[in-house]
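User: I am new to this structure and would like to understand the labels people put on it. Could you walk me through them, setting each value beside its rule?

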Amino acid sequence: GKDYAAMNHLWAETDDVVCIHPGWAALVGRKTVMESWRSILENPRQGAVSFYGAQYKVLGPGLLVAICYEQAGNAVMIATNVFALEDNRLRLVLHQAGYCANPPSMPG
């Protein structure tokens, strides 16, 4: 569902976070990033997004990258998510999603 509180909990508290929504300019800084998510998640016209094909790779101590596909209506995007250790848990520091011209099919 559209859970702003969960999204807020997921993102790191640092001001060094970066978010690039499909077709948007880069958003830098926690306040700006979270305002964008509030706007998206509170928009009644914004449809549901399904995720599939998640893969991850540990890049080093306290650093992980995860990729997945996002199905939104008829569009499929590929997303990159970078997590860093903050207060003993992995938190999101970078999210970038863009449209994928030739995605794999969603399972099921």
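Analyst: Happy to. A charge sits over a ring if NZ of Lys or CZ of Arg is within 6 Å of the ring centre and within 35 degrees of the ring normal. With that in hand, Arg38 lies over the face of Tyr4, at 3.9 Å from the ring centre. Please keep in mind that this is a predicted model.

User: What makes Tyr52 and Tyr69 an aromatic pair, and why is the pair called stacked?

Analyst: Rings pair if their centres lie within 6.5 Å, and planes under 30 degrees apart count as stacked. Tyr52 and Tyr69 are 5.5 Å centre to centre, with 25° between the planes, so both parts of the rule are met. A search of the whole structure finds 1 aromatic pair.

User: Where in the chain do the two tyrosines sit, and are they buried or exposed?

Analyst: Tyr52 is in strand β3 and Tyr69 in strand β4, 17 residues apart, and the pair links distant parts of the chain. Both tyrosines, Tyr52 and Tyr69, are buried.

User: How do you know that β3 and β4 are paired?

Analyst: Two strands pair if DSSP finds at least two bridges between them. β3 and β4 are joined by 8 bridges and run antiparallel, so they pass that rule. One of the bridges sets Lys57 against Val65 in β4. The hairpin of β3 and β4 has 2 residues between the strands, and Gly62 there takes a positive phi near 70°.

User: Why is β3 said to lie largely in the open?

Analyst: Buried means under 20% relative accessible area. Of the 11 residues of β3, the number buried is 1, so the strand lies largely in the open.

User: What joins β4 to β5, and β5 to β6?

Analyst: Strand β4 (residues 63–72) and strand β5 (residues 75–86) run antiparallel and are joined by 10 bridges. Among the partners, Leu63 is matched with Ala84 in β5. Between β5 and strand β6 (residues 89–99) there are 10 bridges, again in the antiparallel sense. Here Val82 stands opposite Leu94 in β6, and Glu86 has Arg89 as its bridge partner. Each pairing is also a hairpin: β4 and β5 have 2 residues between them, with Gly73 in the turn at a positive phi of about 65°, while β5 and β6 have 2 residues between them as well.

User: How are the strands ordered in the sheet, and which are the edge strands?

Analyst: The open sheet has 6 strands in the order β2-β1-β6-β5-β4-β3, and the pairing is mixed. The edge strands are β2 (27–28) and β3 (50–60), since each pairs on one side only.

User: Why are Asp87 and Asn88 called exposed?

Analyst: The label exposed needs over 50% relative accessible area. Asp87 has 69%, so the label fits. Asn88 has 75%, so it counts as exposed too. Asp87 is in the loop between β5 and β6, and Asn88 has its place in that loop as well. Phi of Asp87 is near 55°, a positive value in a residue other than glycine. For Asn88, also a residue other than glycine, phi is positive and near 65°.

User: How do you know that the count comes to 0 disulfides?

Analyst: A disulfide is a covalent bond between the sulfur atoms of two cysteines. The rule asks for sulfur atoms within 2.5 Å. The sulfur of Cys19 is 13 Å from the closest cysteine sulfur, in Cys68, so it is too far for a bond. For Cys68, the closest cysteine sulfur is in Cys100, at 11 Å, also too far for a bond. The count by this rule is therefore 0 disulfides. Cys19 is buried, with a relative accessible area of 0%, and Cys68 is buried at 12%.

User: Why is Asn81 called buried, and what does its side chain make a polar contact with?

Analyst: Asn81, found in strand β5, has a relative accessible area of 11%, which is under 20%, so it is buried. A polar contact needs N or O atoms within 3.5 Å. The side chains of Asn81 and His95 come to 2.6 Å, and this is a polar contact. Residues that Asn81 touches, not counting those up to four places away in sequence, include Leu64, Val65, Cys68 and Leu92.

Terms used. Residues are numbered from 1 along each chain as its sequence is written. This is a predicted model: local features need pLDDT of at least 70, side-chain atom pairs count only at pLDDT 80 or more; totals for chains, interfaces and linings use all residues. Side-chain values use heavy atoms; hydrogens and water are left out. Helices (H or I, at least four residues) and strands (E, at least two) are DSSP runs, numbered from the N terminus. Rings of Phe, Tyr and Trp (its six-membered ring) pair if their centres lie within 6.5 Å; planes under 30 degrees apart count as stacked, over 60 as edge-to-face and the rest as tilted. Buried means under 20% relative accessible area, exposed over 50%, partly exposed in between (1.4 Å probe, protein chains only). A polar contact is a pair of N or O atoms within 3.5 Å; within protein, one must be able to donate a hydrogen and the other to accept it, and residues adjacent in sequence count only if both atoms are side-chain atoms. Contact means heavy atoms within 4.5 Å.
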